[in-house]
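Reader: I'm in my first year and still learning to read structures. Could you pick one part of this one and show me slowly what surrounds it?

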Amino acid sequence: MSEGTSTLAELLAEGGVLVLSGAGISTESGIPDYRGPGGTLTRHTPMTYQAFVGDPVARRRYWARSYIGWRAMTRATPNSGHHAVASLQRRGLVSGIVTQNVDGLHQAGGAGAVIELHGSLRDVVCLGCGHTSPREELDHRLTQANPRFGARPTAINPDGDVELRDEEIDAFQMVGCRACEEGILKPDVVFFGETVPAERVRECYALVEGARLLLVLGSSLTVMSGRRFVLHAAKLGIPVAIVNQGPTRGDGYAALTIDAPLGTVLPELVRLIDTGAVSTGSPH
């Protein structure tokens, strides 16, 4: 057990912890992150909102790849890190969870009241009429439209799509909105270049303001979408702790950083707290 892990356990034992999680917490479930060790940005450019809306070819490419990737995402199961966060929440130590992930694994791991900052792959929205529908329904319709589409992915990406060959994408048949028949269907997630809904951001800021500690798990904090909450906490004098593999853009604001796999650190934190191996009393 590292000194940092013991110190973090003492901080958590005080309660009032807001968790901000990123893709790094899902890597041990088989979903890679963007910027961590082996991150997909080295080989994959995420879909942008502008390309999705403005380019029918890009949109077909996204849905063809996402059609295959959806199956891999639904097979992913929560790992020990997700379960540990849920355990800390059940013990009343975690007061809120804000995740930048769209995979739903926090909820599948037993966590409740999770704010999905970037939305969820579980739902689909029509950009024309605003109708929302379950992803399972769209998947069924796409299967009917593509009965012989048997593309094999070479890799899965954090946003739920996969790498496919161009000839496989060209054969993919799209479907339209079932409600208005004309609108563009989009997963109910925030693409790169798209803005997080303002009310959702305000809700997250309120959680930061009510927290005693902001705990960042598995995020490089490279983009402002998540980093702003670290900056807000620091401005208010709320301690920040970060557990991530590799450096983050929030390290300079953190009272404590731990560079280690979350699947190792988080269960150990639960064990230390449950066994009474740490004393309460934050050094801050």
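**Around the second largest pocket**

Author: Let's start at the second largest pocket, whose lining consists of Trp70, Met73, Thr74, Ala76, Val102, Asp103, Gly104, Leu105, Ala108, Leu121, Arg122 and Glu136. Please keep in mind that this is a predicted model. The pocket holds about 170 Å³ of space. Sorted by class, its lining has seven nonpolar, two polar and three charged residues.

Which elements give two or more residues to this lining? They are α3, α5 (105-108) and β4. The biggest share comes from α3, with three residues. That gives us two paths to follow, one along α3 and one along β4.

Take α3 to begin with. Helix α3 (residues 56-75) meets helix α6 (residues 135-145), and their axes come within 11 Å of each other, crossing at roughly 115°. As a rule, a pair of packed helices is described by the angle between their axes and the distance between the axes. The crossing of α3 and α6 is left-handed. On the α3 side, the contact is made by Trp63, Ser66, Tyr67, Trp70 and Arg71. On the α6 side, the residues are Arg135, Glu136, Leu138, Asp139, Leu142 and Thr143. You have met two of these names before: Trp70 and Glu136 are among the residues that line the pocket, and here Trp70 of α3 and Glu136 of α6 take part in the helix contact. By class, the residues of this contact come to five nonpolar, two polar and four charged.

Now for the other path, along β4. This strand sits in an open sheet of three strands, ordered β5-β4-β6, and the pairing is antiparallel. β5 (132-134) and β6 (185-189) are at the edges with a single partner strand each, so one side of each has no neighbour in the sheet. On average, neighbouring strands here are turned by 40° against each other, direction ignored. Four bridges connect strand β4 (residues 119-126) with β6 in the antiparallel sense. To find one yourself, look for cysteine 126, whose bridge partner in β6 is leucine 185.

The two paths come together again at the largest cavity. Its volume is about 70 Å³, and its lining is made of Val124, Cys126, His131, Ser133, Glu137, Leu138, Arg141, Cys177, Arg178 and Leu185. Both Cys126 and Leu185 are on that list, and they are the bridge partners you just found. Leu138 lines the cavity too, and we saw Leu138 in the contact of α3 with α6. Which element gives the most to this lining? The answer is α6, with three residues, while β4 and α6 each supply at least two. The lining's classes are five nonpolar, two polar and three charged.

How many cavities of 30 Å³ or more does the count give? There are two, so let's visit the second largest as well, which has about 30 Å³ of space. Leu18, Leu20, Val98, Cys204, Val208, Leu214 and Phe229 form its lining. The classes here are seven nonpolar, no polar and no charged. At least two of the lining residues come from β1 (17-21), and at least two from α8 (198-209).

From β1 you can step into another sheet. It is an open sheet of six strands in the order β3-β2-β1-β7-β8-β9, with parallel pairing. Its edge strands, β3 (114-116) and β9 (256-258), each pair on one side only. From one strand to the next, the twist averages 15°. β1 and strand β7 (residues 213-217) run parallel and are joined by five bridges, and valine 19 stands opposite leucine 215 in β7.

From α8 you reach one more helix pair. The axes of α8 and helix α9 (residues 224-236) come within 10 Å and cross at roughly 35°, and this crossing is right-handed. Val201, Cys204, Tyr205, Val208 and Glu209 of α8 make the contact with Arg228, Phe229, His232, Ala233 and Leu236 of α9. Notice that Cys204, Val208 and Phe229 are among these contact residues and also line the second largest cavity.

Key
Residues are numbered from 1 along each chain as its sequence is written. This is a predicted model: local features need pLDDT of at least 70, side-chain atom pairs count only at pLDDT 80 or more; totals for chains, interfaces and linings use all residues. Side-chain values use heavy atoms; hydrogens and water are left out. Two strands pair if DSSP finds at least two bridges between them. Axes are lines fitted to C-alpha atoms, for helices over the stretch in contact, and angles run from 0 to 180 degrees between N-to-C directions. A crossing is left-handed if the near helix is turned anticlockwise from the far one by less than a right angle, and right-handed if clockwise. Contact means heavy atoms within 4.5 Å. Ala, Val, Leu, Ile, Met, Phe, Trp, Tyr, Cys and Pro count as nonpolar, Asp, Glu, Lys and Arg as charged, and the others, Gly among them, as polar. On a 1 Å grid over the protein atoms alone, a cavity is a set of points where a 1.4 Å probe fits but cannot get out, and a pocket is an open set with protein on both sides within 12 Å along at least five of seven lines; lining residues have an atom within 4 Å of a point. Grid points are joined across faces, edges and corners, and a volume is the space filled by probe spheres set on the points.
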